[in-house]
Amino acid sequence: MTRLDTMTPESLPDLGRPGKVIAVHINYPSRAAQRGRTPEQPSYFLKPSTSVAASGAAIVRPSGCELLAFEGEIALVIGRRLRGVSVEEGWAGVAGVTAANDFGVYDLRYADKGSNLRSKGGDGFTPLGPRVLAAETVDPANLRIRTWVNDELVQSDTTADLLFGFGRLVADLSQLMTLERGDVILTGTPAGASVVGPGDTVEVEVDAPTMPGAPSTGRLITPVAEGTTAFGAFGSGPRVDDLQRAEAWGSTEKAGLEAPFMLTDELKARINSVGTATLSAQLRKRGLNNVSIDGLHSTRPSARLVGRARTLRFIPNREDLFTAHGTGYNAQKRAFDGLGIDDVLVIEARGETGTGTVGDILALRAQVCGAAGIVTDGGVRDLAAVSALDIPTYHRGGHPAVLGQRHVPWDTNLTIACGGASVQPGDVIVGDADGLLVIPPHLIDTLVTDSIEQEREETFIAETVGAGEAVDGLYPMNAAWKEKYRAWLARR
(Lines give C-alpha, C1' and ligand atoms only; values in the text may rest on other atoms or scores of the structure.)
Protein backbone atom coordinates (compact mmCIF):
# COMPACT_ATOMS: atom_id res chain seq x y z
CA MET A 1 0.00 0.00 0.00
CA THR A 2 1.38 3.39 -1.00
CA ARG A 3 1.89 5.70 2.01
CA LEU A 4 0.02 8.98 1.93
CA ASP A 5 3.17 10.91 2.77
CA THR A 6 5.01 9.62 -0.29
CA MET A 7 2.30 9.84 -2.94
CA THR A 8 1.95 12.44 -5.67
CA PRO A 9 -1.13 13.69 -7.51
CA GLU A 10 -0.18 11.33 -10.33
CA SER A 11 -0.06 8.23 -8.08
CA LEU A 12 -2.97 8.35 -5.66
CA PRO A 13 -4.58 4.92 -5.89
CA ASP A 14 -4.00 3.62 -2.36
CA LEU A 15 -4.10 4.96 1.18
CA GLY A 16 -1.59 4.39 3.91
CA ARG A 17 -1.49 5.80 7.43
CA PRO A 18 -1.54 9.61 7.72
CA GLY A 19 0.42 11.56 10.29
CA LYS A 20 -2.78 13.02 11.73
CA VAL A 21 -6.50 12.95 11.02
CA ILE A 22 -8.49 16.12 11.73
CA ALA A 23 -12.29 16.08 11.62
CA VAL A 24 -14.76 18.98 11.29
CA HIS A 25 -17.82 18.93 13.55
CA ILE A 26 -20.59 20.47 11.37
CA ASN A 27 -20.20 21.65 7.78
CA TYR A 28 -23.31 20.71 5.79
CA PRO A 29 -26.46 22.85 6.13
CA SER A 30 -28.58 19.69 6.18
CA ARG A 31 -26.63 18.39 9.19
CA ALA A 32 -26.80 21.78 10.92
CA ALA A 33 -30.58 21.75 10.52
CA GLN A 34 -30.73 18.23 11.89
CA ARG A 35 -28.64 19.18 14.92
CA GLY A 36 -30.50 22.42 15.46
CA ARG A 37 -27.39 24.60 15.48
CA THR A 38 -25.36 26.37 12.80
CA PRO A 39 -21.79 27.24 13.79
CA GLU A 40 -20.36 30.65 12.95
CA GLN A 41 -16.86 29.21 12.55
CA PRO A 42 -15.53 25.70 11.95
CA SER A 43 -14.50 23.58 14.92
CA TYR A 44 -12.48 20.36 14.94
CA PHE A 45 -11.34 17.27 16.78
CA LEU A 46 -8.45 14.84 16.26
CA LYS A 47 -8.66 11.14 15.45
CA PRO A 48 -5.69 8.84 15.96
CA SER A 49 -3.90 7.66 12.84
CA THR A 50 -4.40 4.12 14.15
CA SER A 51 -8.14 4.55 13.51
CA VAL A 52 -7.52 4.49 9.74
CA ALA A 53 -8.64 1.36 7.87
CA ALA A 54 -8.88 0.29 4.25
CA SER A 55 -11.98 -0.56 2.25
CA GLY A 56 -13.24 -4.04 3.08
CA ALA A 57 -11.88 -4.08 6.63
CA ALA A 58 -14.54 -4.73 9.25
CA ILE A 59 -15.30 -2.25 12.03
CA VAL A 60 -15.90 -3.87 15.41
CA ARG A 61 -18.66 -2.46 17.56
CA PRO A 62 -17.19 -2.60 21.09
CA SER A 63 -18.74 -5.15 23.41
CA GLY A 64 -21.57 -3.68 25.45
CA CYS A 65 -22.18 -0.75 23.07
CA GLU A 66 -25.44 -0.17 21.18
CA LEU A 67 -24.89 3.13 19.35
CA LEU A 68 -22.27 2.67 16.62
CA ALA A 69 -22.99 5.49 14.17
CA PHE A 70 -21.62 6.06 10.66
CA GLU A 71 -20.92 9.42 9.00
CA GLY A 72 -20.06 9.40 5.31
CA GLU A 73 -17.57 12.17 4.55
CA ILE A 74 -15.21 13.62 1.97
CA ALA A 75 -11.57 13.42 3.11
CA LEU A 76 -8.91 15.86 1.96
CA VAL A 77 -5.39 14.51 1.59
CA ILE A 78 -2.75 17.21 2.14
CA GLY A 79 -0.10 17.26 -0.59
CA ARG A 80 2.66 19.42 0.92
CA ARG A 81 3.79 21.08 4.11
CA LEU A 82 1.44 23.99 4.91
CA ARG A 83 1.67 26.67 7.59
CA GLY A 84 -0.13 30.00 7.66
CA VAL A 85 -1.62 29.77 4.18
CA SER A 86 -4.50 31.89 2.87
CA VAL A 87 -7.95 30.61 1.98
CA GLU A 88 -7.01 30.85 -1.69
CA GLU A 89 -3.84 28.82 -1.09
CA GLY A 90 -5.64 26.24 1.03
CA TRP A 91 -7.16 24.20 -1.78
CA ALA A 92 -3.90 24.39 -3.73
CA GLY A 93 -2.25 22.51 -0.87
CA VAL A 94 -4.62 19.55 -1.22
CA ALA A 95 -3.29 16.61 -3.22
CA GLY A 96 -6.54 14.69 -3.49
CA VAL A 97 -9.91 13.75 -2.09
CA THR A 98 -11.28 10.37 -1.12
CA ALA A 99 -14.23 8.77 0.66
CA ALA A 100 -14.20 8.44 4.44
CA ASN A 101 -16.44 7.14 7.18
CA ASP A 102 -16.22 8.89 10.54
CA PHE A 103 -17.51 6.11 12.80
CA GLY A 104 -18.25 6.71 16.48
CA VAL A 105 -19.85 5.00 19.47
CA TYR A 106 -22.18 7.37 21.28
CA ASP A 107 -22.04 5.08 24.32
CA LEU A 108 -18.65 6.63 25.17
CA ARG A 109 -19.32 10.31 24.44
CA TYR A 110 -19.93 11.08 28.10
CA ALA A 111 -16.37 9.97 28.94
CA ASP A 112 -14.75 12.17 26.29
CA LYS A 113 -15.77 15.56 27.67
CA GLY A 114 -15.79 16.88 24.12
CA SER A 115 -12.57 15.31 22.86
CA ASN A 116 -14.22 12.42 20.90
CA LEU A 117 -11.07 10.38 21.62
CA ARG A 118 -12.74 7.25 22.95
CA SER A 119 -16.00 7.54 21.05
CA LYS A 120 -14.35 8.08 17.64
CA GLY A 121 -10.74 7.01 18.06
CA GLY A 122 -11.02 3.22 18.06
CA ASP A 123 -9.08 1.01 15.69
CA GLY A 124 -10.84 0.90 12.33
CA PHE A 125 -13.08 3.88 13.10
CA THR A 126 -11.80 5.92 10.10
CA PRO A 127 -12.06 3.87 6.89
CA LEU A 128 -10.61 5.70 3.87
CA GLY A 129 -10.54 4.94 0.13
CA PRO A 130 -10.59 2.94 -1.97
CA ARG A 131 -9.24 5.45 -4.54
CA VAL A 132 -8.07 9.06 -4.24
CA LEU A 133 -9.14 11.61 -6.82
CA ALA A 134 -6.38 14.07 -7.75
CA ALA A 135 -7.41 17.53 -6.55
CA GLU A 136 -6.42 19.13 -9.85
CA THR A 137 -9.00 17.01 -11.69
CA VAL A 138 -12.07 17.99 -9.62
CA ASP A 139 -13.95 21.12 -8.60
CA PRO A 140 -14.18 21.27 -4.79
CA ALA A 141 -17.62 22.95 -5.03
CA ASN A 142 -19.05 20.20 -7.27
CA LEU A 143 -18.37 16.97 -5.43
CA ARG A 144 -21.03 14.53 -4.33
CA ILE A 145 -21.04 12.36 -1.20
CA ARG A 146 -23.32 9.31 -0.92
CA THR A 147 -23.69 6.61 1.72
CA TRP A 148 -25.50 3.28 1.58
CA VAL A 149 -26.43 0.90 4.40
CA ASN A 150 -27.14 -2.61 3.16
CA ASP A 151 -27.50 -1.20 -0.39
CA GLU A 152 -30.08 1.42 0.69
CA LEU A 153 -29.10 5.02 -0.04
CA VAL A 154 -29.19 6.94 3.26
CA GLN A 155 -27.03 10.00 2.61
CA SER A 156 -26.72 12.12 -0.52
CA ASP A 157 -25.47 15.69 -0.69
CA THR A 158 -23.05 17.93 -2.55
CA THR A 159 -20.37 20.44 -1.65
CA ALA A 160 -22.18 23.27 -3.43
CA ASP A 161 -23.35 25.01 -0.26
CA LEU A 162 -20.95 23.95 2.47
CA LEU A 163 -20.81 26.18 5.52
CA PHE A 164 -17.01 26.20 5.28
CA GLY A 165 -15.25 25.54 1.98
CA PHE A 166 -12.27 23.21 1.74
CA GLY A 167 -9.75 26.00 1.23
CA ARG A 168 -11.05 27.77 4.31
CA LEU A 169 -10.67 24.65 6.45
CA VAL A 170 -7.07 24.16 5.36
CA ALA A 171 -6.23 27.83 5.91
CA ASP A 172 -7.91 27.91 9.31
CA LEU A 173 -6.07 24.84 10.58
CA SER A 174 -2.75 26.07 9.20
CA GLN A 175 -2.99 29.19 11.38
CA LEU A 176 -2.01 27.16 14.44
CA MET A 177 -0.48 23.93 13.25
CA THR A 178 1.70 22.61 10.48
CA LEU A 179 -0.18 20.42 8.05
CA GLU A 180 2.13 17.82 6.58
CA ARG A 181 2.09 15.81 3.40
CA GLY A 182 -0.31 12.91 3.85
CA ASP A 183 -2.39 14.43 6.66
CA VAL A 184 -6.14 13.92 6.29
CA ILE A 185 -8.99 16.36 6.98
CA LEU A 186 -12.51 14.94 7.29
CA THR A 187 -14.83 17.68 6.06
CA GLY A 188 -18.14 16.87 7.80
CA THR A 189 -21.16 14.70 7.12
CA PRO A 190 -24.57 15.60 5.66
CA ALA A 191 -27.91 14.67 7.20
CA GLY A 192 -28.78 10.99 7.27
CA ALA A 193 -26.03 9.66 9.52
CA SER A 194 -27.44 7.03 11.83
CA VAL A 195 -26.83 3.80 13.75
CA VAL A 196 -25.66 0.45 12.38
CA GLY A 197 -25.08 -2.89 14.03
CA PRO A 198 -23.32 -6.21 13.51
CA GLY A 199 -24.21 -7.73 10.16
CA ASP A 200 -24.74 -4.37 8.45
CA THR A 201 -22.52 -3.09 5.66
CA VAL A 202 -21.86 0.62 5.11
CA GLU A 203 -20.57 1.98 1.78
CA VAL A 204 -19.45 5.54 1.00
CA GLU A 205 -18.62 7.03 -2.39
CA VAL A 206 -17.34 10.44 -3.44
CA ASP A 207 -17.67 11.40 -7.08
CA ALA A 208 -17.78 14.39 -9.42
CA PRO A 209 -20.72 13.58 -11.70
CA THR A 210 -20.52 16.87 -13.65
CA MET A 211 -16.80 16.54 -14.45
CA PRO A 212 -15.52 14.85 -17.62
CA GLY A 213 -15.54 11.10 -17.08
CA ALA A 214 -17.49 11.49 -13.79
CA PRO A 215 -14.47 10.49 -11.65
CA SER A 216 -15.27 8.43 -8.57
CA THR A 217 -13.44 7.06 -5.56
CA GLY A 218 -15.41 3.85 -5.83
CA ARG A 219 -17.32 2.55 -2.86
CA LEU A 220 -15.59 2.44 0.50
CA ILE A 221 -16.97 -0.77 2.01
CA THR A 222 -17.10 -1.40 5.75
CA PRO A 223 -18.86 -4.45 7.23
CA VAL A 224 -19.83 -4.22 10.91
CA ALA A 225 -18.84 -6.96 13.37
CA GLU A 226 -19.61 -7.50 17.06
CA GLY A 227 -16.87 -7.16 19.65
CA THR A 228 -16.44 -9.88 22.25
CA THR A 229 -13.98 -8.34 24.72
CA ALA A 230 -15.67 -6.49 27.57
CA PHE A 231 -14.39 -3.16 28.85
CA GLY A 232 -12.19 -3.40 31.92
CA ALA A 233 -13.20 -1.88 35.24
CA PHE A 234 -10.11 0.39 35.08
CA GLY A 235 -11.73 2.69 32.50
CA SER A 236 -15.06 4.21 31.51
CA GLY A 237 -17.55 1.70 30.19
CA PRO A 238 -20.50 2.20 27.84
CA ARG A 239 -23.35 4.45 29.03
CA VAL A 240 -26.31 5.74 27.04
CA ASP A 241 -29.44 7.79 27.60
CA ASP A 242 -32.28 8.96 25.40
CA LEU A 243 -30.42 12.12 24.37
CA GLN A 244 -27.50 10.07 23.02
CA ARG A 245 -29.92 7.66 21.32
CA ALA A 246 -31.70 10.53 19.58
CA GLU A 247 -28.41 12.14 18.46
CA ALA A 248 -26.93 8.84 17.25
CA TRP A 249 -30.01 7.79 15.28
CA GLY A 250 -30.58 11.29 13.95
CA SER A 251 -34.01 11.92 15.53
CA THR A 252 -36.21 10.82 18.40
CA GLU A 253 -38.52 9.11 15.93
CA LYS A 254 -35.76 6.96 14.40
CA ALA A 255 -34.55 6.11 17.90
CA GLY A 256 -38.04 4.87 18.78
CA LEU A 257 -38.48 7.56 21.44
CA GLU A 258 -41.39 9.85 22.19
CA ALA A 259 -41.23 13.20 20.46
CA PRO A 260 -39.93 15.88 22.83
CA PHE A 261 -42.43 18.24 24.41
CA MET A 262 -42.65 21.53 22.52
CA LEU A 263 -43.82 24.79 24.03
CA THR A 264 -45.40 26.19 20.86
CA ASP A 265 -46.57 29.77 20.38
CA GLU A 266 -50.16 28.52 20.35
CA LEU A 267 -49.70 26.66 23.64
CA LYS A 268 -48.01 29.67 25.25
CA ALA A 269 -50.92 31.86 24.17
CA ARG A 270 -53.41 29.44 25.73
CA ILE A 271 -51.40 29.31 28.96
CA ASN A 272 -51.26 33.09 29.08
CA SER A 273 -55.02 33.30 28.60
CA VAL A 274 -55.64 31.88 32.07
CA GLY A 275 -54.53 32.97 35.51
CA THR A 276 -51.88 31.29 37.62
CA ALA A 277 -54.49 30.86 40.38
CA THR A 278 -56.73 28.94 37.97
CA LEU A 279 -53.86 26.67 36.92
CA SER A 280 -53.10 26.08 40.58
CA ALA A 281 -56.71 25.07 41.24
CA GLN A 282 -56.63 22.60 38.36
CA LEU A 283 -53.39 21.13 39.64
CA ARG A 284 -54.97 20.60 43.06
CA LYS A 285 -57.90 18.82 41.41
CA ARG A 286 -55.35 16.40 40.05
CA GLY A 287 -53.84 15.82 43.47
CA LEU A 288 -50.77 18.01 42.91
CA ASN A 289 -50.54 20.24 45.95
CA ASN A 290 -46.76 20.75 46.14
CA VAL A 291 -46.02 22.44 42.83
CA SER A 292 -45.57 26.07 43.82
CA ILE A 293 -42.16 27.72 44.22
CA ASP A 294 -42.69 29.85 47.30
CA GLY A 295 -41.13 32.88 48.95
CA LEU A 296 -39.70 34.59 45.87
CA HIS A 297 -40.07 38.10 44.45
CA SER A 298 -39.99 39.05 40.77
CA THR A 299 -37.95 41.86 39.25
CA ARG A 300 -40.88 42.32 36.85
CA PRO A 301 -44.05 41.41 38.79
CA SER A 302 -46.33 42.64 35.99
CA ALA A 303 -44.71 40.31 33.42
CA ARG A 304 -46.02 36.79 32.84
CA LEU A 305 -43.40 34.05 32.83
CA VAL A 306 -43.95 30.92 30.74
CA GLY A 307 -41.13 28.58 29.81
CA ARG A 308 -39.43 25.20 30.14
CA ALA A 309 -37.22 24.47 33.11
CA ARG A 310 -33.47 24.11 32.83
CA THR A 311 -31.84 23.48 36.18
CA LEU A 312 -28.69 24.42 38.09
CA ARG A 313 -27.72 23.13 41.53
CA PHE A 314 -25.41 24.78 44.06
CA ILE A 315 -24.02 22.82 47.00
CA PRO A 316 -22.80 24.39 50.27
CA ASN A 317 -19.40 25.96 49.95
CA ARG A 318 -16.34 23.88 50.80
CA GLU A 319 -13.08 25.54 49.94
CA ASP A 320 -11.38 22.60 48.26
CA LEU A 321 -14.50 21.83 46.20
CA PHE A 322 -14.86 25.46 45.16
CA THR A 323 -11.24 25.43 43.98
CA ALA A 324 -11.96 22.36 41.84
CA HIS A 325 -15.47 23.24 40.61
CA GLY A 326 -16.17 26.91 41.24
CA THR A 327 -13.59 28.60 39.05
CA GLY A 328 -13.17 28.84 35.30
CA TYR A 329 -15.99 27.71 33.02
CA ASN A 330 -17.97 26.21 35.86
CA ALA A 331 -21.48 24.72 35.97
CA GLN A 332 -23.07 28.12 36.59
CA LYS A 333 -21.52 29.67 33.48
CA ARG A 334 -22.24 26.60 31.39
CA ALA A 335 -25.87 26.67 32.50
CA PHE A 336 -26.35 30.29 31.42
CA ASP A 337 -24.46 29.80 28.15
CA GLY A 338 -26.64 26.79 27.34
CA LEU A 339 -29.97 28.59 27.62
CA GLY A 340 -32.20 28.93 24.60
CA ILE A 341 -35.56 30.31 23.51
CA ASP A 342 -38.31 29.81 26.15
CA ASP A 343 -35.92 28.31 28.72
CA VAL A 344 -36.26 29.19 32.40
CA LEU A 345 -33.17 28.60 34.48
CA VAL A 346 -34.29 27.33 37.89
CA ILE A 347 -31.55 27.43 40.53
CA GLU A 348 -31.35 25.39 43.73
CA ALA A 349 -29.66 27.62 46.29
CA ARG A 350 -31.15 25.99 49.41
CA GLY A 351 -32.91 29.24 50.38
CA GLU A 352 -29.53 30.80 51.16
CA THR A 353 -29.79 34.59 50.98
CA GLY A 354 -26.29 35.42 52.21
CA THR A 355 -24.81 35.70 48.75
CA GLY A 356 -25.75 36.28 45.12
CA THR A 357 -26.49 33.37 42.80
CA VAL A 358 -26.81 35.47 39.63
CA GLY A 359 -25.63 38.95 38.70
CA ASP A 360 -26.18 41.41 35.91
CA ILE A 361 -23.74 39.85 33.41
CA LEU A 362 -25.20 36.34 33.62
CA ALA A 363 -28.77 37.66 33.67
CA LEU A 364 -27.96 39.65 30.53
CA ARG A 365 -26.52 36.52 28.96
CA ALA A 366 -29.79 34.69 29.66
CA GLN A 367 -31.75 37.52 28.06
CA VAL A 368 -29.53 37.58 24.96
CA CYS A 369 -29.93 33.80 24.60
CA GLY A 370 -33.70 34.27 24.46
CA ALA A 371 -34.46 32.69 27.82
CA ALA A 372 -37.89 33.37 29.31
CA GLY A 373 -36.74 33.91 32.89
CA ILE A 374 -34.53 33.08 35.87
CA VAL A 375 -35.75 31.56 39.13
CA THR A 376 -33.50 31.24 42.18
CA ASP A 377 -34.35 30.58 45.80
CA GLY A 378 -31.17 32.46 46.71
CA GLY A 379 -29.97 36.03 46.41
CA VAL A 380 -29.31 38.26 43.41
CA ARG A 381 -26.21 40.39 43.03
CA ASP A 382 -26.44 43.73 41.17
CA LEU A 383 -30.18 43.68 41.87
CA ALA A 384 -30.86 47.14 40.43
CA ALA A 385 -29.14 46.24 37.15
CA VAL A 386 -30.88 42.85 36.98
CA SER A 387 -34.23 44.53 37.66
CA ALA A 388 -33.63 46.91 34.75
CA LEU A 389 -33.43 44.01 32.27
CA ASP A 390 -36.46 42.78 30.33
CA ILE A 391 -36.04 39.21 31.52
CA PRO A 392 -37.94 38.50 34.77
CA THR A 393 -35.86 37.14 37.64
CA TYR A 394 -37.51 35.58 40.70
CA HIS A 395 -35.36 35.70 43.86
CA ARG A 396 -35.29 35.95 47.66
CA GLY A 397 -33.54 39.32 47.82
CA GLY A 398 -30.43 41.24 46.90
CA HIS A 399 -26.93 40.62 48.23
CA PRO A 400 -23.56 42.10 47.20
CA ALA A 401 -21.40 39.01 47.84
CA VAL A 402 -20.22 36.57 45.18
CA LEU A 403 -21.42 32.98 45.34
CA GLY A 404 -18.08 31.61 46.59
CA GLN A 405 -18.96 32.80 50.06
CA ARG A 406 -21.76 30.25 50.40
CA HIS A 407 -22.06 28.12 47.23
CA VAL A 408 -20.21 25.78 44.89
CA PRO A 409 -21.79 25.55 41.39
CA TRP A 410 -22.10 21.80 41.07
CA ASP A 411 -24.23 20.36 38.27
CA THR A 412 -26.93 21.09 35.72
CA ASN A 413 -30.09 19.66 34.19
CA LEU A 414 -31.07 17.25 36.91
CA THR A 415 -33.99 17.19 39.35
CA ILE A 416 -33.57 19.92 41.96
CA ALA A 417 -35.44 21.60 44.82
CA CYS A 418 -36.29 25.29 44.58
CA GLY A 419 -38.51 27.24 46.94
CA GLY A 420 -39.96 24.06 48.41
CA ALA A 421 -40.85 22.48 45.05
CA SER A 422 -39.24 19.71 43.05
CA VAL A 423 -38.29 20.81 39.54
CA GLN A 424 -37.22 18.58 36.66
CA PRO A 425 -35.69 19.70 33.37
CA GLY A 426 -38.50 20.20 30.88
CA ASP A 427 -41.17 21.07 33.45
CA VAL A 428 -43.35 24.01 32.46
CA ILE A 429 -42.76 27.06 34.68
CA VAL A 430 -45.57 29.63 34.91
CA GLY A 431 -45.24 32.74 37.04
CA ASP A 432 -46.71 36.17 37.68
CA ALA A 433 -47.45 38.42 40.66
CA ASP A 434 -49.43 35.56 42.28
CA GLY A 435 -46.40 33.24 42.33
CA LEU A 436 -44.69 30.43 40.46
CA LEU A 437 -46.02 27.03 39.43
CA VAL A 438 -44.20 23.89 38.27
CA ILE A 439 -46.36 21.92 35.82
CA PRO A 440 -45.45 18.43 34.52
CA PRO A 441 -45.36 18.77 30.73
CA HIS A 442 -47.62 15.76 30.09
CA LEU A 443 -50.44 17.55 31.96
CA ILE A 444 -50.16 20.99 30.43
CA ASP A 445 -52.54 20.60 27.48
CA THR A 446 -55.53 19.20 29.40
CA LEU A 447 -54.72 21.44 32.37
CA VAL A 448 -54.99 24.57 30.23
CA THR A 449 -58.14 23.32 28.49
CA ASP A 450 -59.83 22.77 31.86
CA SER A 451 -58.50 26.10 33.15
CA ILE A 452 -60.03 27.95 30.20
CA GLU A 453 -63.37 26.31 30.93
CA GLN A 454 -63.06 27.13 34.64
CA GLU A 455 -62.47 30.79 33.87
CA ARG A 456 -65.48 30.87 31.54
CA GLU A 457 -67.60 29.53 34.39
CA GLU A 458 -66.13 32.07 36.81
CA THR A 459 -66.85 34.90 34.35
CA PHE A 460 -70.49 33.81 34.26
CA ILE A 461 -70.62 33.54 38.05
CA ALA A 462 -69.03 36.98 38.51
CA GLU A 463 -71.51 38.58 36.09
CA THR A 464 -74.40 36.87 37.86
CA VAL A 465 -73.22 37.92 41.32
CA GLY A 466 -72.72 41.44 40.00
CA ALA A 467 -76.36 41.41 38.90
CA GLY A 468 -77.41 40.77 42.48
CA GLU A 469 -77.62 36.96 42.79
CA ALA A 470 -76.49 35.22 46.01
CA VAL A 471 -73.57 32.80 45.83
CA ASP A 472 -75.46 29.90 47.43
CA GLY A 473 -75.95 27.28 44.71
CA LEU A 474 -74.14 29.49 42.22
CA TYR A 475 -70.57 29.15 43.47
CA PRO A 476 -70.08 26.28 42.84
CA MET A 477 -72.94 25.90 40.40
CA ASN A 478 -75.76 23.46 41.06
CA ALA A 479 -77.68 21.75 38.24
CA ALA A 480 -80.05 24.66 37.73
CA TRP A 481 -77.29 27.22 37.43
CA LYS A 482 -75.30 24.93 35.10
CA GLU A 483 -78.29 24.90 32.75
CA LYS A 484 -78.38 28.71 32.82
CA TYR A 485 -74.61 28.72 32.24
CA ARG A 486 -74.99 26.61 29.09
CA ALA A 487 -77.63 29.01 27.79
CA TRP A 488 -75.28 31.93 28.56
CA LEU A 489 -72.50 30.20 26.58
CA ALA A 490 -74.83 29.71 23.62
CA ARG A 491 -75.69 33.41 23.58
CA ARG A 492 -71.99 34.34 23.64
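In this predicted model, the protein chain folds up into 14 helices and 28 strands. Lined up along its principal axes, the box that holds the C-alpha atoms of the chain comes to roughly 100 × 60 × 45 Å.

What about inside versus outside? The protein chain has 492 residues, and 49% of them are buried. The area that the chain exposes adds up to about 22,100 Å², with carbon and sulfur atoms supplying 51% of that figure.

Next, the contacts. Among contacts in the protein chain with a separation of 6 or more, 77% link residues that sit 24 or more positions apart.

Charges are worth a look too. The chain carries 48 positive and 60 negative charges. Average the positions of each set, and the two mean positions turn out to be 2 Å apart.

Finally, the cysteines. How many disulfides does the model contain? The count comes to 0. A disulfide needs two cysteine sulfur atoms within 2.5 Å, and the closest cysteine sulfur to that of Cys369 belongs to Cys418, 20 Å away, so this pair is too far apart for a bond. Looking from the other side, Cys418 is in no disulfide either, as its nearest cysteine sulfur, that of Cys369, is 20 Å away. Are these two residues buried or exposed? Cys369 has a relative accessibility of 16%, so it counts as buried. Cys418 is buried as well, with a relative accessible area of 0%.

Technical notes
Residues are numbered from 1 along each chain as its sequence is written. This is a predicted model: local features need pLDDT of at least 70, side-chain atom pairs count only at pLDDT 80 or more; totals for chains, interfaces and linings use all residues. Side-chain values use heavy atoms; hydrogens and water are left out. Buried means under 20% relative accessible area, exposed over 50%, partly exposed in between (1.4 Å probe, protein chains only). Helices (H or I, at least four residues) and strands (E, at least two) are DSSP runs, numbered from the N terminus. Contact means heavy atoms within 4.5 Å. Accessible areas come from the Shrake-Rupley method with a 1.4 Å probe; for residues, only the protein chains shown count as cover. Lys and Arg count as positive and Asp and Glu as negative; His and the chain ends are not counted. The place of a charge is taken as NZ of Lys, CZ of Arg, CG of Asp or CD of Glu.
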